[in-house]
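Here's a quick briefing to read alongside the model. Have the viewer open and follow along.

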Amino acid sequence: MKVDDEMILTVDVGNSSIGYGIFQKGNLIFHDVVSSRYDSELDAIIAKLKENIQTMNLDISKIRTGIIVSVVPSLTMIVQMAFKNVFKIKLVQLDNTFKHDVNLKIDDVSELGGDLLADLVALKRDYSYPSLLVDLGTVTKTLLLDEHGDFVSCLFFPGPKSCVRSLGDEAALLPNLNRIEVPKDGPYARNTEDAIITGVFYGTIASIEGVANIYEKELQKPLTRVISGGFSKVIKDALPSFCYDNEIVLKGLYYLYLSNPDKFPK
């Protein structure tokens, strides 16, 4: 097998979804998502992966190795086993010994999640800085690179679905909802369910734009703005100043693979 024909698998295990991609010759040639709702159901994850790869029309025997990052410890080994069953390779888990070129100007680098490191590696490589990445998942994360490309700040606040759920959990008279969608009447809401969905939708947009504007004022420079994550596809059209890049963490994992050949089987 020629090296140019080899494929690399990247896997991102999050609280809401399991994203994975296949790279060949530096290009992401396949990207799909499996819901994390399967939790510990190994057979269900295997079945869903097999169903998805039937649509690939790819020779997965060319997949040489893979890299995984997980923010769900209880799910990590199960996902490892599922991907090994389907793709016949063992995934290498990203840890803090991997080399990269991002200067982490934070108090304790051991606190930085691997998914955020992958985000930062791709953000620095693929975009001009200063730059802000907003990753919309169960938790909304904002990652800031300053004008030198150094990582200088990260903010966490509840993701859109977390906001919707918390209203039902914490307010006795509000319903428990489990959906995020574009409001059908724009910013106008005339019933309780619409008030929740519309409020979370526009509240999320306002908070994202507000954080970006605060950082631009602090840095006194325009930011390259990027949005990613599972819920970003719902609100991306309402944030035209942001570039939509929902594969950024998978690309970051691939760049980390390229920078750390000694971590992977020959």
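What follows covers confidence, the first strands and the two biggest pockets.

Keep in mind that this is a predicted model. Confidence averages a pLDDT of 91 over the protein, and 97% of the residues score at least 70. The largest pocket holds about 1,200 Å³ of space, and the second largest pocket about 250 Å³.

**Confidence**

- Among the elements, strand β9 (residues 224-228) comes out on top, with a mean pLDDT of 98.
- At the other end sits helix α1 (residues 42-53), whose mean of 84 is the lowest among the elements.
- As a general reminder, predicted coordinates shouldn't be read in detail where pLDDT is low.

**Strands β1 to β3**

- Strand β1 (residues 7-13) runs antiparallel to β2, and 7 bridges join the two.
- These two strands, β1 and β2, make a hairpin with 3 residues between them.
- To find your place in that pairing, look for Leu9, which stands opposite Ile22 in β2.
- β2 also pairs with strand β3 (residues 27-35), again in the antiparallel sense, this time over 8 bridges.
- Here the pair to look for is Tyr20, standing opposite Asp32 in β3.
- β2 and β3 form a hairpin too, with 2 residues between the strands, and Lys25 takes a positive phi near 55° there.
- Is strand β2 (residues 17-24) mostly covered or mostly open? It's mostly covered, with 7 of its 8 residues buried.

**The largest pocket**

- This is the one with about 1,200 Å³ of space, and 48 residues line it.
- Closest to the centre of the largest pocket are Gly14, Asp135, Gly137, Thr138 and Lys141.
- By class, the lining of the largest pocket splits into 18 nonpolar, 16 polar and 14 charged residues.

**The second largest pocket**

- With about 250 Å³ of space, the second largest pocket is lined by 16 residues.
- Nearest its centre you'll find Asp95, Asn96, Val109, Leu112 and Leu117.
- Which elements give two or more residues to the lining of the second largest pocket? Those are β4 (63-70) and α3 (114-126).
- Of the elements, β4 gives the most to this lining, with 3 residues.
- The lining of the second largest pocket has 8 nonpolar and 7 polar residues, plus 1 charged residue.

How values were computed: Residues numbered from 1 in each chain as written. Predicted model: local features only at pLDDT ≥ 70, side-chain atom pairs only at ≥ 80, totals over all residues. Heavy atoms only, no water. 1 Å grid on protein atoms, 1.4 Å probe; cavity = no way out; pocket = protein on both sides within 12 Å on 5 of 7 lines; lining within 4 Å. Points joined across faces, edges and corners; volume = space filled by probe spheres on them. Nonpolar A, V, L, I, M, F, W, Y, C, P; charged D, E, K, R; others polar. Helix = DSSP H or I, 4+ residues; strand = E, 2+ residues; numbered from the N terminus. pLDDT = per-residue confidence, 0-100. Buried < 20%, exposed > 50% of the residue type's maximum accessible area, 1.4 Å probe, protein only. Pairing = 2+ DSSP bridges.
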